[in-house]
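The exercises below are meant to be worked through with the sequence and the model side by side. Each task is followed by a solution that proceeds step by step.

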Amino acid sequence: MKTLRLALLAAAALGCHFDKLFQPSGGVRASRAGSQASQLRFTTQPHSTMKDSIIPPVQVTAFDSAGNVVTSFTGNVKVAIGHDGAVFGGANLTGTTTVAAVNGVATYANLRIDQIGTGYTLTATATPLAGDTSNPFDITATPTPGPATKLAFVGQPTNTSPGATISPPVRVAAVDDQNNIVTTFSGSMTIAIGHNGGLLKPGTLGGTLLQPAVNGVAIFTDLSIDQAGTDYYTLRASHPQLGTMESAPFSVLVP
């Protein structure tokens with residue numbers, strides 16, 4: 001009780017509301033129950049990056065009219081290029097541009113822009129909320145890749161069912177030490193099962209298991225695994241000079 005009396009006296013002395021005395025720092029508050037989202041705001045702004053490189057994750061948050069985050073908002077939020085900073089225009093924004101909000105926040109983890117330019121902005125929209133425009137940022141030239149030194153999965157295997165083609169296709173790239181794709185590389189890559197999660201017996205990988213790289217990327221379009229697994233599977237890509245690389249884990253489950 002003594003602490004409460006002191007807090008009330010402090011609130012009166014500061015001329016502020018008692019509830020604001022205990023408001024979280026940073027100026028962002030969660031909404032009260034029943035509050036309705038009315039506006040979007042870029043809460044993690046896009047940063048300058050290189051052409052065709054992933055922009056560091058961008059976040060858009062739904063707020064109510066009082067400026068509180070509406071954590072119950074789960075609608076789809078779409079981002080697009082606002083101001084096109086390309087010299088001749090026509091820049092393209094790729095990646096997952098429409099994302100469902102989680103706890104009121106939509107996160108964009110794989111956005112890219114394909115043209116060099118300055119003063120780009122992004123816009124965020126979600127009907128019927130008021131949209132927002134990001135701070136400006138730049139897209140710079142991609143440095144010339146060095147020699148290929150390793151492999152990287154640029155299209156990971158996804159969950160599938162026994163005998164079904166893994167879709168979208170698995171993609172493996174030859175990259176340099178800075179993880180830039182070496183587009184001049186045209187060697188062939190082999191793919192195989194890494195960790196085998198077969199249920200009753202080990203799974204077998206079917207399809208074309210040797211593919212030449214085109215512009216530095218080998219695309220495996222017809223891969224399938226014949227056995228469901230209680231454990232996860234991985235794929236392992238290999239090249240005689242570039243070594244091996246393990247994919248992210250995925251599941252093969254009976255529908």
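A residue is called buried when its relative accessible area is under 20%, exposed when that area is over 50%, and partly exposed in between. The model is a predicted one, and by this criterion 35% of the 255 residues of the chain count as buried.

**Exercise 1. Describe the secondary structure, the contacts and the surface of the chain.**

Begin with the elements: the chain has two helices and 23 strands. Turn next to the contacts with a separation of 6 or more, of which 62% join residues 24 or more positions apart. Finally, consider the surface, where the chain exposes about 13800 Å², with 56% of that area supplied by carbon and sulfur atoms.

**Exercise 2. Identify the residues that touch the most other members of the largest nonpolar core, and state which strands supply the core.**

In soluble globular proteins, nonpolar side chains tend to be buried together. The largest nonpolar core in this model has 26 residues, and Val-77 and Tyr-108 are the ones that touch the most other members. At least two residues of this core come from each of the strands β2 (39-44), β4 (58-63), β6 (76-81), β9 (105-108), β12 (122-126) and β14. Leaving aside residues up to four places away in sequence, the residues that Val-77 touches include Leu-40, Val-60, Val-99, Ala-106, Tyr-108 and Ala-124. A second core, separate from this one, consists of 23 residues, among them Val-182, Ile-193, Phe-220 and Tyr-233.

**Exercise 3. Classify the ring pair of Tyr-120 and Phe-137, and decide whether each residue is buried or exposed.**

A pair of aromatic rings is described by the distance of the centres and the angle of the planes. By the ring-centre rule, two aromatic pairs are counted. In the pair of Tyr-120 and Phe-137 the ring centres are 6.0 Å apart and the planes stand at 25°, so the pair is stacked, given that planes under 30 degrees apart count as stacked. Because Tyr-120 belongs to strand β11 (residues 117-120) and Phe-137 to strand β14 (residues 137-140), the pair ties together parts that are 17 residues apart in sequence. As to accessibility, Tyr-120 is buried at 0%, and Phe-137 is also buried, with a relative accessible area of 3%.

A further ring is involved in a contact with a charge: Arg-41 lies over the face of Phe-63, at 3.9 Å from the ring centre.

**Exercise 4. Locate the salt bridges and determine how accessible their residues are.**

The structure holds two salt bridges. In one of them, Lys-51 pairs with Asp-52, and the closest N and O atoms are 2.9 Å apart. Lys-51 is partly exposed at 26% relative accessibility, and Asp-52 is partly exposed at 38%.

Glu-246 forms a salt bridge with Arg-236, where the closest N and O atoms are 3.0 Å apart. This pair links distant parts of the chain, since Glu-246 lies in strand β23 (residues 243-246) and Arg-236 in strand β22 (residues 235-239), ten residues apart. Glu-246 counts as partly exposed at 32% relative accessibility, and Arg-236 is partly exposed at 35%.

**Exercise 5. Place Ser-53 in the chain, and decide whether it is buried or exposed.**

Ser-53 lies in the loop between β3 (49-50) and β4. At 17% relative accessibility Ser-53 counts as buried, because the limit is under 20%. Leaving aside residues up to four places away in sequence, Ser-53 touches Leu-111 and Arg-112.

Technical notes
Residues numbered from 1 in each chain as written. Predicted model: local features only at pLDDT ≥ 70, side-chain atom pairs only at ≥ 80, totals over all residues. Heavy atoms only, no water. Helix = DSSP H or I, 4+ residues; strand = E, 2+ residues; numbered from the N terminus. Buried < 20%, exposed > 50% of the residue type's maximum accessible area, 1.4 Å probe, protein only. Contact = heavy atoms within 4.5 Å. Areas by Shrake-Rupley, 256 points an atom, 1.4 Å probe, with all protein chains shown as cover. Phe/Tyr/Trp six-rings, centres within 6.5 Å; stacked < 30°, edge-to-face > 60°. Lys NZ or Arg CZ within 6 Å of the ring centre and 35° of its normal. Core = buried A, V, L, I, M, F, W, Y, C linked by side-chain atoms within 4.5 Å. Salt bridge = Lys/Arg side-chain N within 4 Å of Asp/Glu carboxyl O.
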